[in-house]
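Hi,

Here is the structure I promised to hand over. Please open it before you read on; my notes follow below.

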Amino acid sequence: MTSNHTDCHYCLQSLHGRKYALREENAYCVSCYDSLFASPCEECKQPIECDSKDLAYKGRHWHERCFKCAKCSRSLVEKPFAAKDEVLLCTECYSNEYSSKCFHCQKTIMPGSRKMEFKGSSWHESCFVCQYCRQPLGTKPLITKDNKNYCVPCFEKQFAHHCYSCKKVITSGGVTYHDQPWHKECFVCAGCKTQLSGQRFISKDEYPYCVDCFSKLYAKKCAACKKPITAHGSAKFISFEERQWHKECFNCAKCSVSLVGRGFLTQQDDVLCHEWFGKDLKII
């Protein structure tokens, strides 16, 4: 700019016919302006004169000729670039040095492109898809199997177990009975419908029963006390001629001595020790 101002605001020399620069409506000769206001170049440390192009990034300044990649020295003017530890790099050099590699294709995820992260690994958005239907997963719920990601519907179709009772998908937990999967809430007593998961149960004709229901419906009755012979009491029982007794109930009908492991005789519905059986014979 050629001056119509009279003097330089700083050195007071005449600006007639000379170039000058304005700052806050004051005119300065080029020399004074550069010494007072020119920013130092980050690369060469020389002032960026008022007749040079000043390129600025985050409060730092460069000559146009100095604004280049710190690794390959290619100009960054009007090109995309990235900064690492205050060092400017072209996108190619930055990617080679610092960018993540896609877990799927193993290619660099370029700066500025959308990156998906899951379980400590990174993907291109276009690579982060369901292994089966190939639809983008984005932020949808997903399930991983053998390092492969699936959307929930595809995983259920391919791998999920279906409850033997209700036929619906078992998403977590569940129990196995006769090699078949069940929801915990579906695995119930065939009699009273009480949930059996974590409880003792007895199988009958491929159906599970709680101990109480099985006892009422199927357990053998003790010939002495008439109560069911179940695991609630003694697990051992005595069987003779299609009759059963609890071990503790298998006693002589006359003297109540235990007949377990001893010889005994029967008299109608009673079981007797040899001593009482002999007494009964003498009375006759």
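Leaving aside its neighbours within four places in sequence, which residues is His183 in contact with? Cys163, Cys166, Lys168, Val169, Ile170 and Val175. Bear in mind that this is a predicted model.

His183 sits in the loop between β12 (180-182) and β13 (201-204). Is His183 buried or exposed? His183 counts as buried because its relative accessible area is 11%, and the cut-off for buried is under 20%.

Glu78 is also a loop residue, placed between β4 (60-63) and β5 (81-84). Its relative accessible area is 77%, so Glu78 is exposed; the cut-off there is over 50%. I also checked Glu78 against Glu43. The two are 35 residues apart in sequence. Their C-alpha atoms are 18 Å apart in space.

Next, a helix. Helix α1 spans residues 30-37. Which residues of α1 are buried? Cys32, Tyr33 and Asp34 are. The cover over the buried residues of α1 includes two strands, β1 (20-23) and β2 (26-29).

Now the whole chain. The secondary structure amounts to 5 helices and 18 strands. What is the radius of gyration of the protein? The value is 47 Å, whereas a compact globule of 284 residues would have one near 19 Å. Along the principal axes, the C-alpha atoms fill a box of roughly 160 × 40 × 30 Å.

Contacts and burial come next. Take the contacts with a separation of 6 or more: 10% of them join residues 24 or more positions apart. Of the 284 residues, 30% are buried.

On the surface, the protein exposes about 19,100 Å². Carbon and sulfur atoms supply 48% of that area. As for charge, there are 41 positive and 31 negative side chains. The centres of these two sets lie 9 Å apart.

Last, the annotation. An unreviewed UniProt entry lists "domain: LIM zinc-binding" for residues 39-99, 100-161 and 220-283. I looked at one of these spans, residues 39-99. The span is 11% helix and 26% strand. Its end C-alpha atoms lie 32 Å apart.

That is the handover.

Best wishes

Methods. Residues numbered from 1 in each chain as written. Predicted model: local features only at pLDDT ≥ 70, side-chain atom pairs only at ≥ 80, totals over all residues. Heavy atoms only, no water. Helix = DSSP H or I, 4+ residues; strand = E, 2+ residues; numbered from the N terminus. Buried < 20%, exposed > 50% of the residue type's maximum accessible area, 1.4 Å probe, protein only. Contact = heavy atoms within 4.5 Å. Rg over C-alpha atoms; globule rule 2.2 N^0.38 Å. Areas by Shrake-Rupley, 256 points an atom, 1.4 Å probe, with all protein chains shown as cover. Lys, Arg positive; Asp, Glu negative; His and termini not counted. Charge placed at Lys NZ, Arg CZ, Asp CG, Glu CD. UniProt positions renumbered as here; feature names shortened; annotations may be inferred.
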